[in-house]
There are 2 protein chains.
Amino acid sequence: MHVTLVHVHVKPEHVDDFIAATRRNHEASVKEPGNLRFDVLQQADDPTRFVLYEAYRSEADARAHKDTAHYLEWREAVADWMAEPRQGIVHRGLCP
Amino acid sequence: MHVTLVHVHVKPEHVDDFIAATRRNHEASVKEPGNLRFDVLQQADDPTRFVLYEAYRSEADARAHKDTAHYLEWREAVADWMAEPRQGIVHRGLCP
């Protein structure tokens, strides 16, 4: 399992826009053939901070996500809503 | 979905012990009635850093995990293997 945790800090006035756009990205991403999870999390004590939990069977499957129409639309939609550049940290999934 | 991301930094000489103990915790935790995910991740560019991705149906289910024999055994087993105190960050799961 190839997992990327994407940490996103959103401008407060765009939190609702960000959730709506990211929900659309989630709905399409979970239908990708190599996708295992695409969970969208909002930090409990700071609603402007989010984590996208993106798990794929392989690194190639994760790379293919970056070429999808829904990812490219999401990336463009959220570009001006970030309070700082987002950060993706790659992990090996040991369990399951 | 109530999600805790537990960030763990392990002493290099105890990485293998930590993985074995955490695998046992994973195997029992996914059988808890309110558990949705209990993923164990190792950071790709620093194998001494781990994330436990613990998703439960409710906060009460997450709390109940802390009373299980497998959690208490894990907590005791890993106590001396931490390079620094672990940090749990609570999130609301928006999708799914």
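In this predicted model, chain B and chain A meet through a contact that draws 21 residues from chain B and 21 residues from chain A. On the chain B side, the elements that give two or more residues are strand S1 (2-9), helix H1 (15-29), strand S2 (35-43), strand S3 (49-56) and strand S4 (87-95). Of these, S4(B) supplies the largest share, 7 residues.

S4(B) also takes part in strand pairing across the two chains: it runs antiparallel to strand S2 (residues 35-43) of chain A, with 4 bridges between them. If you would like a spot to look at in the viewer, try A:Leu41, whose bridge partner in S4(B) is B:Gly93.

Now for a look inside chain B. H1(B), which also gives residues to the side touching chain A, packs with helix H3 (residues 69-78) of chain B, their axes lying 9 Å apart at an angle of about 170 degrees. Because angles over 145 degrees count as roughly antiparallel, H1(B) is roughly antiparallel to H3(B).

Which residues of H1(B) and H3(B) meet? From H1(B) come B:Phe18, B:Ala21, B:Thr22, B:Arg24, B:Asn25, B:Ala28 and B:Ser29. From H3(B) come B:His70, B:Tyr71, B:Trp74, B:Ala77 and B:Val78.

Here is how the residues divide by type in the two settings:

| Set of residues | Nonpolar | Polar | Charged |
|---|---|---|---|
| Side of chain B that touches chain A | 13 residues | 5 residues | 3 residues |
| Contact of H1(B) with H3(B) | 7 residues | 4 residues | 1 residue |

Definitions and conventions
Residues numbered from 1 in each chain as written. Chains lettered and ligands numbered in written order. Predicted model: local features only at pLDDT ≥ 70, side-chain atom pairs only at ≥ 80, totals over all residues. Contact = placed C-beta atoms within 7 Å. Nonpolar A, V, L, I, M, F, W, Y, C, P; charged D, E, K, R; others polar. Pairing = 2+ DSSP bridges. Axes fitted to C-alpha atoms, helices over the stretch in contact; angles between N-to-C directions. Parallel < 35°, antiparallel > 145°, perpendicular 65-115°, else oblique.
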